[in-house]
Amino acid sequence: MSEKKQFGVWIDSHQAVIVGREEITSGPFKILAHENADADHSKLFKQITAHMPNAQEIHVTGTGDYQEQFINYLAGTPQFKNTAAKESTSNKMSDEKLLEFISAKFN
């Protein structure tokens, strides 16, 4: 079991789902939050990162190119510049499927 602060994010142009571990560094993954976008995507990015304090590893998935934009945002943010971020592309999935998907990425 990892002792790192690992998070997953599913993101598109309208919303994001944030996943993290029950005990910050251990335990199964759970849904931490659902965030909705407005016209300002940098605000959405700030809303997402508010749920991921001191993240060490993040897997970002979703549709379009929002994963890449979010990873670039993380790289330019001092708190997250040393966070290991990976990305993939996936269609919208249920919360349960997202939990399975993120769990598989970190196991």
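Tutor: Before we start, helices here are DSSP runs of H or I with at least four residues, strands are runs of E with at least two, and both are numbered from the N terminus. Keep in mind that this is a predicted model.

Student: Thanks! In what order do the 5 strands of the open sheet lie?

Tutor: The pairing in this open sheet is mixed. At its edges are strand E3 (29–36) and strand E5 (84–87), each pairing on one side only. Reading across from the E3 edge, the order is E3-E2-E1-E4-E5.

Student: Which residue in E4 is the bridge partner of Ile 11?

Tutor: Strand E1 covers residues 6–11 and strand E4 covers residues 57–62. These two strands pair in the parallel sense over 6 bridges. For Ile 11, the bridge partner in E4 is Gly 62.

Student: What angle does the direction of helix H2 make with that of E4?

Tutor: Helix H2 (residues 66–75) packs on the sheet, where it touches E1, E4 and E5. Its direction and that of E4 make an angle of about 155°.

Student: Where is Asn 54 found, and is this residue buried, partly exposed or exposed?

Tutor: Look in the loop between helix H1 (41–49) and E4 for Asn 54. Phi of this residue is near 55°, a positive value although Asn 54 is not a glycine. Most residues other than glycine have a negative phi. Because its relative accessible area is 47%, and the class in between runs from 20% to 50%, Asn 54 counts as partly exposed.

Note on methods: Residues numbered from 1 in each chain as written. Predicted model: local features only at pLDDT ≥ 70, side-chain atom pairs only at ≥ 80, totals over all residues. Heavy atoms only, no water. Pairing = 2+ DSSP bridges. Contact = heavy atoms within 4.5 Å. Axes fitted to C-alpha atoms, helices over the stretch in contact; angles between N-to-C directions. Buried < 20%, exposed > 50% of the residue type's maximum accessible area, 1.4 Å probe, protein only.
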